[in-house]
Amino acid sequence: KKGKYMYKKPYILISNDDGIFAPGIKHLWNCLHEKYDVVIAAPHKEKSGTGLSTTMLRPLHIHEVQWEKDTPAWKITGTPTDSVKLALSILLERKPDLIVSGINPGSNSSLNVLYSGTVACTIEGVFRGIPGIAFSCFEIKNPNFEIAEKYIPYIVEYFIKNPPPRGTLINVTFPKRDLEIKGLKMT
């Protein structure tokens, strides 16, 4: 059992806007849980397109969810932003090193970034000094989660070792399934 301040692995909060039982969050967990200490806090159901909205006029409920490998996981009856706020303020035992959101089916690019709950999860962390990476796949139908799962560990490792400047988030969209990925480049 880990004692206070005796952590060995970087601590990552996983969230999304598609809900805790969405396939994308499962793929995200699959590629990160062995190398990092991960926790999950996500909306109880799909909340796509909610951007940075916050629940103000009704109570929020937190329910623990049984997850594989005893990963701490909670579903929250609110928006993606609510999920991250509650995780950071009352659920997590310590401040995460990184917030990772997704994997969203459909591209979070151009104006979609303004509406994206996936991106909003990372923005909420950035507001609190925690870097974040939002992941999405270009295709809405039949997204290439398996390909994303292959590259995400490299991207996460890079930003754990080389944190972006304070106030910066990273937004990654994986291309269509029929395109070959020849490498990764910051743009």
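**Exercise 1.** Determine which residue of β7 is the bridge partner of A134, and describe how β6 is placed among its neighbouring strands.

*Solution.* Step 1: In this predicted model, the bridge partner of A134 in β7 is N171; strands are DSSP runs of E with at least two residues, and helices are runs of H or I with at least four, numbered from the N terminus.
Step 2: β6 and β7 pair in the parallel sense over six bridges, where pairing requires that DSSP finds at least two bridges between two strands.
Step 3: From β6 the chain passes through helix α5 (residues 145–161) to β7, a β-α-β crossover that is left-handed. A crossover counts as right-handed if, with the strands pointing away from the viewer, the path from the first strand over the helix to the second runs clockwise.
Step 4: β5 and β6 also pair in the parallel sense, over five bridges, with P105 opposite C137 of β6.

**Exercise 2.** State which residues cover each face of β6.

*Solution.* G132, A134 and S136 lie on one side, and I133, F135 and C137 on the other; all are buried (under 20% relative accessible area, with exposed over 50% and partly exposed in between; 1.4 Å probe, protein chains only).

**Exercise 3.** Explain why helix α4 is described as largely enclosed.

*Solution.* Step 1: Ten of the eleven residues of α4 (residues 117–127) are buried, so the rest of the structure largely encloses this helix.
Step 2: Just after α4, G129 adopts a positive phi of about 80°.

**Conventions.** Residues are numbered from 1 along each chain as its sequence is written. Local features need pLDDT of at least 70, side-chain atom pairs count only at pLDDT 80 or more, totals for chains, interfaces and linings use all residues, and side-chain values use heavy atoms, without hydrogens and water.
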